[in-house]
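This report describes how a ligand is held in a protein model. The sections cover the surroundings of the ligand, its metal and its polar contacts.

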Amino acid sequence: MVGGPFYQVRLGRKDGFLSKSTRVKGNVPESNMGTSEIIALFGAKGFNVQETVALSGAHTIGFSHCKEFANRIFNYSKATPVDPTLNPRFADGLKMACANYGSNPTVSAFNDLMTPNKFDNMYYQNLPRGLGLLSTDRDMIVDSRTKYFANLYAKNQTLFFDAFARAMEKLSVLGIKMGRNGEIRRRCDQFNNIVT
Ligand code: HEM
């Protein structure tokens with residue numbers, strides 16, 4: 001619906017018997033992480049830097065809640081409350097949009113300001129213009145390990161699409177459960193045998 005590459009989606013991923021919100025932390029990236037942390041986190045799951053940068057291009061669609069980037073527009077540092085790497089007009093717009101995010105935590109901003117509903121390589125083109133929304137997005141063109149790939153995908157959408165599709169296929173089989181591990185739930189929001 002939003003465009004972008006096609007890739008094979010394998011069927012039959014089983015659900016586990018343990019489902020706890022406390023097990024999420026450390027397994028998913030967070031907006032306040034530095035590039036080394038991001039690379040280590042993806043690396044621990046078997047993804048190299050190139051794949052990590054390609055997957056991050058998913059931020060070409062969707063949105064983020066203000067709390068994920070509020071520090072960049074309201075209290076970046078004592079000297080500069082606004083992150084100086086942000087495009088100033090973009091920062092002004094975000095400040096207006098997020099003015100009341102404390103009382104209304106649902107307020108959000110598009111991850112890709114330019115083409116929010118189109119899966120393209122605009123995410124990467126935005127970065128050198130100071131239009132990356134999260135600091136982790138901005139860092140993609142700052143860190144020497146990631147910037148080569150971010151610049152490459154900004155220039156060549158076909159390379160991005162190919163890399164994204166391959167990495168998504170790999171992501172889809174990450175940690176799959178085989179044999180007696182896991183089950184196919186009859187209801188997707190419930191274990192088959194509920195222990196009381
Ligand atoms: C590189 C490290 C990454 C970080 C730090 C990160 C962080 C975030 C954060 C904080 C949000 C906003 C969540 C919210 O406010 O509700 C978000 C949204 C999103 N992320 Fe990531 N993410 C990363 C990588 C990825 C990857 C690998 C994918 C998929 C392949 C992805 C896909 C998305 C999508 C589609 C959204 C929008 C969700 C929506 O509109 O509801 N992100 N990300």
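## Terms and model

Helices, of at least four residues, and strands, of at least two, are DSSP runs numbered from the N terminus. The model shown here is predicted.

## The shell around the ligand

The ligand is surrounded by 18 residues. His59, Gly62, Phe63, Ser64 and His65 are the closest. By type, the shell consists of eight nonpolar, eight polar and two charged residues. The space that the ligand takes is the second largest pocket.

Three elements each supply at least two residues of this shell: helix H1 (35–44), helix H2 (49–56) and strand E1 (63–65). Strand E1 gives the most, with three residues. In terms of domains, at least three shell residues come from domain 1 (23–59 + 118–196), and at least three from domain 2 (63–110).

## The iron atom

The ligand contains an iron atom, and His59 is its only protein donor. The donor atom is NE2, at 2.0 Å from the iron. His59 is located in the loop between H2 and E1.

## Polar contacts

His59 also has a polar side-chain atom 2.8 Å from a nitrogen atom of the ligand.

Two further residues have polar atoms close to ligand oxygen. For Phe63, a polar backbone atom lies 2.9 Å from an oxygen atom of the ligand. For His65, the contact involves the side chain: one of its N or O atoms is 2.7 Å from an oxygen atom of the ligand.

Methods. Residues are numbered from 1 along each chain as its sequence is written. This is a predicted model: local features need pLDDT of at least 70, side-chain atom pairs count only at pLDDT 80 or more; totals for chains, interfaces and linings use all residues. Side-chain values use heavy atoms; hydrogens and water are left out. A residue is near a molecule or strand if one of its heavy atoms lies within 4 Å of it. A polar contact is a pair of N or O atoms within 3.5 Å; within protein, one must be able to donate a hydrogen and the other to accept it, and residues adjacent in sequence count only if both atoms are side-chain atoms. On a 1 Å grid over the protein atoms alone, a cavity is a set of points where a 1.4 Å probe fits but cannot get out, and a pocket is an open set with protein on both sides within 12 Å along at least five of seven lines; lining residues have an atom within 4 Å of a point. A molecule sits in a cavity or pocket if more than half of its atoms lie within 2 Å of its grid points. Ala, Val, Leu, Ile, Met, Phe, Trp, Tyr, Cys and Pro count as nonpolar, Asp, Glu, Lys and Arg as charged, and the others, Gly among them, as polar. Domain bounds come from an automatic or database domain assignment. Donors are N, O and S atoms within 2.8 Å of the metal (3.2 Å for Na, K and Ca); water is not among the atoms, so sites may look incomplete.
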